[in-house]
Amino acid sequence: MSHHRVAILSSHISPVSAVMASEKEAALSATPSDAPTIFDKIISKEIPSTVVYEDDKVLAFRDITPQGPVHILLIPKVRDGLTGLSKAEERHIDILGRLLYTAKLVAKQEGLDEGFRIVINDGPQGCQSVYHIHVHLIGGRQMNWPPG
């Protein structure tokens, strides 16, 4: 393999590694709390986002640091103490199911007929950086196993 090709491959890998490192750093520095988050500002339209789906319960928008050709975040419009999956209570069953069903609808809308991945990060070791439960819908490329 030529040095030129190695440089090109390295240039494609480095930004992803940097994003992954910064996400990990953000997750480790985030403080779990019920305080308002950036998602509250996205819901209220104070911060712009590229919305791909919205109903009375769920908002879905494109991730600003996509990990695939399609990377969408789905969030409940009302957090109701659901800062992460580990905080789920019986009263959250309906919204949790709604988030997953909506992910399926959005995947179809995005043309992800060959498959996609759903990710819910929870807590510092799960690399959660925003304490408002959110579902990552990632697709448009071949996923690998195991994940990182």
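Here is a walk through this predicted model, from one of its strands to a helix, a pocket and a few unusual backbone spots.

Let us begin at strand β3, which covers residues 70-76. Seven of the seven residues of this strand are buried, so β3 is largely enclosed by the rest of the structure. It helps to recall how strands are built: in a regular strand the side chains alternate between the two faces of the sheet. In β3, one side carries Val70, Ile72, Leu74 and Pro76, and the other carries His71, Leu73 and Ile75; both faces are covered, with all of these residues buried.

What are the neighbours of β3 in the sheet? Strand β2 runs antiparallel to β3, and five bridges join the two. Strand β5 also pairs with β3 in the antiparallel sense, again over five bridges. Leucine 74 is a good place to see both pairings: alanine 60 stands opposite this leucine, while in β5 its bridge partner is valine 135.

Now look at valine 70, which is also in β3. Its relative accessibility is 9%, and because buried means under 20%, valine 70 counts as buried. Setting aside neighbours within four places in sequence, valine 70 is in contact with Arg62, Glu110, Leu112, Leu137, Ile138 and Gly139. Its C-alpha atom is separated by 9.6 Å from that of glycine 111, a residue 41 places away along the chain.

Glycine 111 leads us to helix α3, since this glycine follows the helix and has a positive phi, near 75°. Helix α3 itself takes in residues 93-109. At 1.5 Å a residue, its 17 residues should span 24 Å, and the C-alpha atoms at its ends are 24 Å apart, which agrees. Which residues of α3 are buried? They are Ile95, Leu96, Leu99, Thr102, Ala103, Val106 and Ala107. These residues cover an arc of only 140° around the axis, which puts them on the same side of α3. The face turned away from that buried side carries the exposed residues Ile93, Asp94 and Lys108. As for what the buried residues of the helix meet, they pack against β1, β2, β3, β4 and β5.

Next comes the largest pocket, which holds about 1,300 Å³ of space. Its lining is made of 40 residues, and those nearest its centre are Glu23, Gln67, His71, Asn121 and His136. The elements that each give two or more residues to this lining are α1, α2, β2, β3, β4 and β5. Helix α1 supplies the largest share, with six residues. You have already met His71, as one of the buried residues of β3.

Finally, a few backbone details are worth finding. Most residues other than glycine have a negative phi, and most peptide bonds are trans. Lysine 45 has a positive phi, near 70°, and sits in the loop between α2 and β1. With 47% relative accessibility, lysine 45 counts as partly exposed. Aspartate 80 has a positive phi too, near 50°, and lies in the loop between β3 and α3. This aspartate counts as partly exposed, at 38% relative accessibility. As for peptide bonds, a cis bond joins tryptophan 145 and proline 146, with omega at about 0°. You will find proline 146 in the segment after β5.

Methods: Residues numbered from 1 in each chain as written. Predicted model: local features only at pLDDT ≥ 70, side-chain atom pairs only at ≥ 80, totals over all residues. Heavy atoms only, no water. Helix = DSSP H or I, 4+ residues; strand = E, 2+ residues; numbered from the N terminus. Expected span 1.5 Å × (residues − 1). Buried < 20%, exposed > 50% of the residue type's maximum accessible area, 1.4 Å probe, protein only. Arc of directions from axis to C-beta. Contact = heavy atoms within 4.5 Å. Pairing = 2+ DSSP bridges. 1 Å grid on protein atoms, 1.4 Å probe; cavity = no way out; pocket = protein on both sides within 12 Å on 5 of 7 lines; lining within 4 Å. Points joined across faces, edges and corners; volume = space filled by probe spheres on them.
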